[in-house]
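Work through the exercises below with the sequence and the coordinates at hand. Try each task before reading its solution.

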Amino acid sequence: MLKKYLIPFFIFICLNAISQNIKSIQLRPLQENNFSSIVPLGTVLELSFDDLDADSKDYSYKIEHMTHDWKKSRLLSSQFIDGFDENSIINVTNSFNTFQNYTHYSVKIPNINTVITKSGNYLLSILNDDDEVVFTRRFVLYEKTATIGVLVTRSRNAKTSNTEQTVEFSVKHPNLRINNPSQEVNAVILKNDNWNEQITDLQPTFFKQNQLKYTYANKTNFAGGNEYLNFDSKFIRNKSLNVVKIEMKDIFHHYLYPYNYNPNRKYSYNPDINGQFLIRTLEASNPNTEADYAMMHFSINADKPFKDKDLHIYGAFNNFEIEEETKMTYNFENRSYQGKVLLKQGFYNYQFVTKTADGAISNSDIDGSFYQTENDYTVLVYYNKFGSRYTRVIGVGYGNSKKMNN
């Protein structure tokens with residue numbers, strides 16, 4: 001269940017009140033196949049997105065420094081940026097030779113106008129002509145002041161040993177004097193770079209000289225979930241991985257192989273990229289402006305609908321958000337759930353999740369949850385020295401359940 005880890009961050013999600021036809025938002029470092037926006041201070045991140053209105057709007061970006069719990073910090077922009085915290089996006093290109101027209105926008109941060117000087121949590125907002133927020137994305141810049149060791153194990157709780165994974169970690173800080181860890185240090189565990197799945201408010205369980213240890217029995221347990229499903233739409237006119245049928249209407253429609261719901265499903269290893277996506281096409285040279293869009297059709301064969309639960313298509317393609325577009329509807333005639341999402345050509349991971357009336361989200365109802373599932377875990381350690389005006393990120397550690405010690 002994700003409910004345990006959901007943290008409200010209403011000002012950070014895509015703001016649907018402003019009608020903007022924005023797609024394919026990416027905020028990533030320049031290294032190939034690196035999908036994380038948690039990077040060392042000084043690393044270049046690139047934000048890119050498409051506007052399907054294709055009318056070359058004027059967009060600008062704004063950067064804000066945040067606290068460890070994603071509230072606006074007390075720093076003035078001049079105290080964490082050399083240059084300007086708000087600037088126009090000038091790298092704008094129209095799509096070429098595509099059925100779906102769009103305008104592609106991109107900006108690299110830092111750049112000649114904006115150099116970030118301090119570690120911490122940051123909120124990147126994209127604004128329109130009226131200074132309204134179109135969408136936001138989080139990123140984290142960290143120092144390498146502390147060394148974070150991360151260990152992922154099978155849950156030691158007999159009731160959850162087959163379904164959950166436990167994350168343990170230690171913080172070595174020989175060059176940093178921490179007088180009161182309970183007040184000065186905050187740690188966050190993030191699963192698969194999804195801010196909807198995080199554990200916070202952790203206190204050290206053991207203290208050593210220049211070292212903090214976090215070894216909980218249950219508090220740092222995550223549901224293992226299951227491996228993500230995938231498809232590849234690198235060919236717009238021809239079938240590729242897990243595409244069973246293609247139709248041409250106003251744009252191309254790709255139909256994926258149906259997923260068969262089985263409440264007694266067993267774990268089966270299937271390599272994935274933990275919910276992420278990669279824009280690509282083998283029919284042109286520049287995927288930024290020459291990759292086309294296709295309406296992707298998803299379906300789940302189920303004898304009857306889920307009671308008091310909605311089904312959604314879930315993945316990094318929309319920042320793991322639950323939206324009207326991702327909702328699936330039950331077809332009694334075909335005894336299946338059906339949904340569709342407009343997506344740019346590429347390789348995508350996705351899964352199906354349920355949502356109850358009170359907002360609880362589960363990625364286990366459809367796919368099950370297994371301790372063997374391969375997951376990435378990121379541990380972020382924040383330090384706010386007594387009297388300091390801002391929170392630093394003094395170190396980041398990584399663990400993967402594939403190397404799990406049972």
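The exercises deal with strand pairing, a cis peptide bond and backbone angles.

The model is predicted, so local features need pLDDT of at least 70 and side-chain atom pairs count only at pLDDT 80 or more, while totals for chains, interfaces and linings use all residues. Residues are numbered from 1 along each chain as its sequence is written, and side-chain values use heavy atoms, with hydrogens and water left out.

**Exercise 1.** Determine the strand order of the open sheet that contains β14.

Solution. Begin with the terms: strands are DSSP runs of E, at least two residues long, numbered from the N terminus. Two of them pair if DSSP finds at least two bridges between them. On this basis four strands give the order β15-β14-β30-β31, with antiparallel pairing. Next, look for the strands that pair on one side only: these are β15 (194-199) and β31 (392-400), the edges. Then take the twist, which averages 30 degrees from one strand to the next; axes are lines fitted to C-alpha atoms, and angles run from 0 to 180 degrees between N-to-C directions. Finally, inspect one pair: β30 (residues 376-383) is joined to β31 by eight bridges. Within this pair, tyrosine 382 has valine 393 of β31 as its bridge partner.

**Exercise 2.** Find the bridge partners of serine 60 in β6 and in β10, and decide how enclosed β4 is.

Solution. First, β4 is joined to β6 (residues 86-88) by three bridges, and the two run antiparallel. Here serine 60 is partnered by serine 88. Second, seven bridges link β4 to β10 (residues 120-127), again antiparallel. The partner of serine 60 in β10 is leucine 127. Third, apply the burial classes: buried is under 20% relative accessible area, exposed over 50%, and partly exposed in between, with a 1.4 Å probe and protein chains only. Six of the seven residues of β4 (residues 60-66) are buried, so this strand is largely enclosed by the rest of the structure.

**Exercise 3.** Locate the cis peptide bond that precedes proline 110.

Solution. The bond runs from isoleucine 109 to proline 110, and its omega is near 5 degrees. Proline 110 lies in the loop between β8 (103-109) and β9 (114-116).

**Exercise 4.** Serine 24 and phenylalanine 320 have positive phi; place each one and state its burial.

Solution. For serine 24, phi is near 55 degrees. This serine 24 belongs to strand β1 (residues 22-29) and counts as buried at 10% relative accessibility. For phenylalanine 320, phi is about 55 degrees. Phenylalanine 320 sits in the loop between β25 (309-314) and β26 (327-331) and is buried, with a relative accessible area of 3%.
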